[in-house]
Amino acid sequence: MLKSSSTFKRALDSSRLTLTPLTMIDAVDLLSLWSEAETMHYLHVKPLDNLSTVQDMVKMLEDDRFAIRYAIRLKANGSLIGTVGINDWTPKGIEIGYELHAMYRRQGFMREVFLCLLPFIWSLTDDSIYAKVDSANMPSKELLRSFNFEQQFQSWEFNVELDKNIHISYFILQKKNFLT
């Protein structure tokens, strides 16, 4: 198990994308992403509506030694199209999370992200990787299954911010089961 996320704070590349650790410079682009109702629906967070709130989130992520969030940018023009990262790691494994702007979904971008992020994580640790996904988010569940993540269980969780119960599916991937 890793002690801090500092090892993860370097750029990663795929054929069409560059992943760079989020910084305050990304805040304006993130406001566009994190204000999308559809995107935030599956993250179980209310859409963010001002730059100050986004900056607070970026600062929190920069300061968290057990998390790292990457900006997903198109190599062609540098546009921020989403984020991906490690939300936490515990003795049970490393939790990942991700989101894309609606107009970039279902084009293979997140598959590219996984193809560079997952091997990078495993170059540093053998811990299992897991994801918590809204049970209604079929494209995300399909993506995870395509990498051989196995659904472990489902549960209802109360979300304080939204004041409602949310049905969550838990997926896990062990290094030995990783399919590219």
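## Aromatic pairs

By the ring-pairing rule used here, the count comes to 7 aromatic pairs. One of them joins Tyr 104 and Phe 109 in an edge-to-face arrangement, with 6.0 Å centre to centre and 70 degrees between the planes. Tyr 104 counts as buried at 16% relative accessibility, and Phe 109 is buried too, with a relative accessible area of 6%. Please keep in mind that you are looking at a predicted model.

A stacked pair is found at Phe 153 and Tyr 170, where the centres are 4.5 Å apart and the planes 20 degrees apart. This pair links distant parts of the chain: Phe 153 belongs to strand S7 (residues 150–159) and Tyr 170 to strand S8, with their positions 17 residues apart in sequence. How exposed or buried is each partner? Phe 153 is partly exposed, at a relative accessible area of 44%, while Tyr 170 is buried at 15%, because buried means under 20%.

## An aromatic cluster and two charged neighbours

Six aromatic residues come together as one cluster: Tyr 98, Phe 114, Trp 122, Phe 147, Phe 149 and Phe 178. One of these rings also has a charge for company, since the charged end of Arg 111 sits over the ring of Phe 147, 4.6 Å from its centre.

Phe 109, the edge-to-face partner of Tyr 104, has a similar visitor. Here the charged end of Arg 16 sits over the ring, and the distance to the ring centre is 4.0 Å.

## The overall fold

Stepping back to the whole chain, you can trace 5 helices and 8 strands. Along the sequence they follow the pattern β-β-α-α-α-β-β-β-α-β-α-β-β. The C-alpha atoms fill a box of roughly 40 × 35 × 35 Å along the principal axes. The radius of gyration is 15 Å, which agrees with the value near 16 Å that a compact globule of 180 residues would have.

Buried residues make up 46% of the 180 residues. The accessible surface comes to about 9200 Å², and 54% of it belongs to carbon and sulfur atoms. Among contacts between residues at least 6 apart in sequence, 64% join residues at least 24 apart.

## Two nonpolar cores

In soluble globular proteins, nonpolar side chains tend to be buried together. Which residues touch the most other members of the largest nonpolar core? Of its 36 residues, these are Leu 19, Ile 72, Ile 96, Phe 114, Leu 118 and Phe 149. At least two core residues come from each of strands S2 (17–21), S3 (68–74), S4, S5 (93–100), S6 (129–134) and S8 (164–173), and likewise from helices H4 (109–122) and H5 (138–146). The largest share, 10 residues, comes from H4.

Leu 118 is a good place to look into this core. Leaving out residues up to four places away in sequence, Leu 118 touches Ile 96, Ile 129, Phe 147, Phe 149, Leu 173 and Phe 178. Apart from this core lies another one of 12 residues, including Leu 33, Leu 48, Val 58 and Ala 71.

## Buried sites: Ile 86 and His 101

Ile 86 lies in strand S4, which spans residues 80–90. Its relative accessible area is 1%, so Ile 86 is buried. Ile 86 and Lys 9 are 77 residues apart in sequence, yet their C-alpha atoms are 11 Å apart in space.

Where does His 101 lie? It is in the loop between S5 and H4. Despite that loop position, His 101 is buried, with a relative accessible area of 8%. Neighbours within four places in sequence aside, His 101 is in contact with Asp 29, Ser 32, Leu 33, Glu 36, Leu 80 and Ile 81. One of these contacts, Leu 33, is also among the residues of the 12-residue core.

## Two positive phi angles in loops

The loop between S5 and H4 also holds Arg 106. Arg 106 has a positive phi of about 65 degrees although it is not a glycine, and it is exposed, with a relative accessible area of 59%.

A second residue other than glycine with a positive phi is Asn 148, where the value is near 75 degrees. Asn 148 is placed in the loop between H5 and S7, and at 27% relative accessibility it counts as partly exposed.

Notes:
Residues are numbered from 1 along each chain as its sequence is written. This is a predicted model: local features need pLDDT of at least 70, side-chain atom pairs count only at pLDDT 80 or more; totals for chains, interfaces and linings use all residues. Side-chain values use heavy atoms; hydrogens and water are left out. Helices (H or I, at least four residues) and strands (E, at least two) are DSSP runs, numbered from the N terminus. Buried means under 20% relative accessible area, exposed over 50%, partly exposed in between (1.4 Å probe, protein chains only). A nonpolar core is a set of buried Ala, Val, Leu, Ile, Met, Phe, Trp, Tyr and Cys residues joined through side-chain atoms within 4.5 Å. Contact means heavy atoms within 4.5 Å. Rings of Phe, Tyr and Trp (its six-membered ring) pair if their centres lie within 6.5 Å; planes under 30 degrees apart count as stacked, over 60 as edge-to-face and the rest as tilted. A charge sits over a ring if NZ of Lys or CZ of Arg is within 6 Å of the ring centre and within 35 degrees of the ring normal. The radius of gyration is taken over C-alpha atoms; the globule rule is 2.2 Å times the number of residues to the power 0.38. Accessible areas come from the Shrake-Rupley method with a 1.4 Å probe; for residues, only the protein chains shown count as cover.
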